[in-house]
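Here's a quick briefing to read alongside the model. Take a look at the fold before going through the points below.

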Amino acid sequence: CFCRKHPELIHWIRTGIASKWRMSHQDLTIIRNHFGEELALFFGLANHNFTLLFNFAMLGALLWIICLLVPISEDFAGSAYQLNWLRVAPFFAVSMVVFNALLLCQWRHENQRLAHIWGVTDLSATEFVRREFKGERLFSFVKQRQEWVFPEWKRWLFVKPLAFLVVALQTMLLMVLTFALYMQLQDTLENPNPFYDMDLLSWFPSEAAHRFLTMRLLLGPGLNAILYVVIIMVLMQMFFALAAKELGEWENYRTEREYMEQYVLKMFFFIFVDGFMMFWVLGLFHIPLAMYLSFDDLDNIRVVGIKLFYPFSFQEKHPNIPHNQLLLQYIDQLTSMCISALVVVQLLSLVMENFLPYLLNYVIGKLKSQPAPAGARARYLHSICDEAAQAELDLF
């Protein structure tokens, strides 16, 4: 039997249990016995998610191979992969919905099974009154005793409106910042300025490498992804998390469970809006304009003096494409450019949320494991012990 912070126990669980692709009920029970149900259920949910996600990931890989290999018979100016993906993309989107529904249903069943194994089916969560709670002392007819309560009507009448106003202002700020990043990406990718076509790898002997990294790609998806991570995913999320905590204190919830539910709800709203804001800009602004406006109208669009669309330069680069398919190719290019930037953002967020904390933890652990420099008295005693060892003397 070890304490929960014993290094040998943590090392054994990390290497022997947590690194497994699929954990058994016995592994989860070991984690539960030493660290509690909360951490064991977290590992169980992650294990269940990875196991179910593997099947849908194989489905996505299979659809990608099919789109790449199946030829097309229509007169389509683009590649066969683009047209095939447009056909199978709705089915893949439906499969993602099915994946989330299956995950919730199966995890509910697995959660009940683990509760039965651990013998906690008849237990209920204990509610603790928050120390920061401020209320009125009233008599509860249900519990037949005096309790400190805060009237719900008073919260909705005087407190909730301010919280809704703050969340609305934060959402508007997020929308403005996201649209500004979209404008920066769009202008960089479509501006025909020769400066953006400068080869940054011109010194490399391979011709293919010259197109791999240009100033357009560096200032477009590269810089846009860095700005998105720093401004939206780090600074805005920290600001929103701080505001969510302060609003929870302002709303004056009685129990810790109520306080955390409201905090999770606010953070879920921010992450939901943040995660889909760029897609809403594409779906509600970018694609409708490119689909239903002519090239002349697109060329005249300005947002705060910035030109977003350059359709005639695209037409000059592709003179062999028929005019009736030119707009379709233009829409496909616009959408793929913005989505490529989103892929870079997701990769950077994966590095920041997973690889970077692991690397920092590893470096800090190495620094802490190094012995601290000895003082003058310790060095003097070590020198005496070394001289005694050389002279074969027993100091003690």
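What percentage of the 396 residues in the protein is buried? In this predicted model, buried residues make up 31% of the 396. The protein has 12 helices and 4 strands, and the notes below zoom in on helix H5 and two of its partners.

**The protein as a whole**
- About 26,700 Å² of the protein is exposed, with carbon and sulfur atoms supplying 67% of that area.
- Take the contacts with a separation of 6 or more: residues 24 or more positions apart account for 61% of them.

**H5 with H7**
- Helix H7 covers residues 215-251, and its axis comes within 9 Å of the H5 axis.
- The two axes cross at roughly 175°; angles over 145 degrees count as roughly antiparallel, so that's what H5 and H7 are to each other.
- Sorted by class, the contact of H5 with H7 has 24 nonpolar, 6 polar and 5 charged residues.

**H5 with H8**
- H5 (residues 152-190) and helix H8 (residues 256-292) have axes that come within 10 Å and cross at roughly 35°.
- The crossing of H5 past H8 is right-handed.
- On the H5 side, the contact residues include Lys160, Val167, Leu174, Met175, Phe179 and Tyr182.
- H8 brings Phe269, Phe270, Val273, Asp274, Met277, Met278 and Phe285, among others.
- The class split for this contact of H5 with H8 is 13 nonpolar, 5 polar and 2 charged residues.

Notes
Residues are numbered from 1 along each chain as its sequence is written. This is a predicted model: local features need pLDDT of at least 70, side-chain atom pairs count only at pLDDT 80 or more; totals for chains, interfaces and linings use all residues. Side-chain values use heavy atoms; hydrogens and water are left out. Axes are lines fitted to C-alpha atoms, for helices over the stretch in contact, and angles run from 0 to 180 degrees between N-to-C directions. A crossing is left-handed if the near helix is turned anticlockwise from the far one by less than a right angle, and right-handed if clockwise. Contact means heavy atoms within 4.5 Å. Ala, Val, Leu, Ile, Met, Phe, Trp, Tyr, Cys and Pro count as nonpolar, Asp, Glu, Lys and Arg as charged, and the others, Gly among them, as polar. Angles under 35 degrees count as roughly parallel, over 145 as roughly antiparallel, 65 to 115 as roughly perpendicular and the rest as oblique. Buried means under 20% relative accessible area, exposed over 50%, partly exposed in between (1.4 Å probe, protein chains only). Accessible areas come from the Shrake-Rupley method with a 1.4 Å probe; for residues, only the protein chains shown count as cover.
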